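Q: Hey, got a minute to walk through this model with me? I have some quick things to ask.

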Amino acid sequence: MYNSTDKHFQRKNKWFQTIRHSVFCNLTLKDNSGGLYVKKIMTTVFTFLKRRNYKHNCQVGYSSMNSVLFVMKYTDQQLHSLSLTRAKLPRHVAIIMDGNGRWARARGQLRAAGHKAGVERLRELIRFSSDTGIRALTLYAFSSENWVRPEAEVRVLCNLLVEYFNKEIVELHANQVCIRAIGDLSAFPARVQKAVRAAEAKTAENPGLKLNIALNYGARAELLRAAIACCKRAIETCQLPVQADFEEHLYTAGLPDVDLMIRTSGELRLSNFLLYQLAYAELYFADCFWPDFTKEEYMRALRAYAERGRRFGGL
Ligand code: FPP
């Protein structure tokens, strides 16, 4: 067994490099029980943390190297010091990452530079969402309407996607993030589909942040797809569907509704994004372009959300 400061362990375990911002502990165990022993230890660790009121603040994961990893997220006190309250954090945040092109133009750069800067912005925000215990984050990366952009720009976006999934997967996986693409991936070049599917497969069992990347996504197409699936089921079972049956066929099945929708760049539109899931979402429009949407801007949005009175039709 090694502790997290053991040099040999640090060298061997790539995770060590990527999770240093969290309070964490790694244990590597000799395990001849086909994983049962490790799982038992994990359960014990998790129960211990729960008893100590860390239940919302930690994740426990298990790697193929027989390592147990638990990542402690922000404690209530740490959140408080950022003027955030756990109970008032949204469970599901959706973001329209708008303004990459204008960001680049304002600097006399090509649109591609704006998209590249936009991708750079992701790491910190995903990390913060994960560490604060937000359940789900859905990012609008490529809409079903974006195909009308010049071919060269579409190519740049595809390349960025491949690069992103290949490069970031280690850190995302280490942080127990579960990645899922929503939308019709089949229209993308094979290299994009391959990178996305590989990221999904690698992280499928992760218990942490559900990170949905909307790719060739449009809410109307999603609703039609769900309606068709519902009709088919109704014909097979001779039963009229109820709301829950319909929701099962949405890409976001199993996730909470969106609590907070953020759009950057000052545009005040929904642009065919999650129209069903946004039914009761609080809307937040940031004036800055997406590449300028820092963690501080994100916290500002979270604080604004915390101050909203949500009534869901009640008083
Ligand atoms: C909107 O800005 C942005 C997009 C259409 C693409 C957003 C994509 C990324 C940030 C990168 C890819 C994402 C991942 C997950 C790797 P715009 O180009 O419409 O800007 P403009 O309105 O100023 O022209």
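Q: Let's start with S130: buried or exposed?
A: S130 is buried, and its relative accessible area is 2%. Keep in mind that this is a predicted model.

Q: Which helix is S130 in?
A: Helix α6 is the one that holds S130.

Q: And how far apart in space are S130 and Q176?
A: Going C-alpha to C-alpha, S130 and Q176 are 8.6 Å apart, with their positions 46 residues apart in sequence.

Q: Okay, ligand time. Where does the ligand sit?
A: In the largest pocket. The elements giving two or more residues to the shell around the ligand are α5 (100-106), α6 (111-132) and α7 (151-174).

Q: Which of them gives the most to that shell?
A: That's α6, the helix of S130, and α6 puts five residues into the shell around the ligand.

Q: How many residues surround the ligand altogether, and which are the closest?
A: There are 18 residues around the ligand, and the closest are M97, G101, R102, R111 and R149.

Q: What does R149 do there, atom-wise?
A: R149 has a polar side-chain atom 2.7 Å from an oxygen atom of the ligand.

Q: And R102, what part of that residue lies 2.7 Å from a ligand oxygen?
A: For R102 it's a backbone N or O atom that lies 2.7 Å from an oxygen atom of the ligand. G99 also has a backbone N or O atom by a ligand oxygen, at 3.3 Å.

Q: How much of the ligand's accessible area does the protein cover?
A: The protein covers 92% of it, where the ligand on its own has 620 Å² of accessible area.

Q: Staying around there, where is L110 found?
A: L110 is in the loop between α5 and α6.

Q: Is L110 buried or exposed?
A: Exposed: the relative accessible area of L110 is 67%. As for its spacing along the loop side, the C-alpha atoms of L110 and N100 are separated by 10.0 Å, and the two residues are 10 apart along the chain.

Q: Switching topic. How many disulfides are there?
A: The count comes to zero disulfides.

Q: Why doesn't C231 have one?
A: Because the closest cysteine sulfur, in C230, is 6.9 Å from the sulfur of C231, and that's too far for a bond. The cut-off for a disulfide is a pair of cysteine sulfur atoms within 2.5 Å.

Q: What about accessibility for C231 and C288?
A: C231 is partly exposed, with a relative accessible area of 46%, whereas C288 counts as buried at 16% relative accessibility.

Q: Now N216. Which strand is N216 in?
A: Strand β7, residues 210-217. N216 is buried too, with a relative accessible area of 10%.

Q: What does the side chain of N216 make a polar contact with?
A: With the side chain of W147, at 2.9 Å. On top of that, a polar atom of the N216 side chain lies 2.8 Å from the backbone oxygen of D184.

Q: And Y74, where is that one?
A: Y74 sits in the loop between β3 (67-72) and α4 (76-81). Y74 is buried, with a relative accessible area of 17%.

Q: How far is Y74 from T132, in sequence and in space?
A: They're 58 residues apart in sequence, but 5.5 Å apart in space, going C-alpha to C-alpha.

Q: One more topic, backbone angles. What is the phi of N272?
A: N272 has a positive phi of about 60 degrees, although N272 is not a glycine.

Q: Where is N272 found, then?
A: In the loop between β8 (260-263) and β9 (282-285). N272 counts as buried, at 15% relative accessibility.

Q: And what about F312, which phi value does that residue have?
A: Phi of F312 is near 50 degrees, again a positive value in a residue other than glycine.

Q: Where is F312, and how accessible?
A: F312 is in the segment after α11 (295-307). At 49% relative accessibility, F312 counts as partly exposed. The cut-off for exposed is over 50%, so F312 at 49% stays in the partly exposed group.

Key. Residues are numbered from 1 along each chain as its sequence is written. This is a predicted model: local features need pLDDT of at least 70, side-chain atom pairs count only at pLDDT 80 or more; totals for chains, interfaces and linings use all residues. Side-chain values use heavy atoms; hydrogens and water are left out. Buried means under 20% relative accessible area, exposed over 50%, partly exposed in between (1.4 Å probe, protein chains only). A residue is near a molecule or strand if one of its heavy atoms lies within 4 Å of it. A polar contact is a pair of N or O atoms within 3.5 Å; within protein, one must be able to donate a hydrogen and the other to accept it, and residues adjacent in sequence count only if both atoms are side-chain atoms. Accessible areas come from the Shrake-Rupley method with a 1.4 Å probe; for residues, only the protein chains shown count as cover. On a 1 Å grid over the protein atoms alone, a cavity is a set of points where a 1.4 Å probe fits but cannot get out, and a pocket is an open set with protein on both sides within 12 Å along at least five of seven lines; lining residues have an atom within 4 Å of a point. A molecule sits in a cavity or pocket if more than half of its atoms lie within 2 Å of its grid points. Helices (H or I, at least four residues) and strands (E, at least two) are DSSP runs, numbered from the N terminus.
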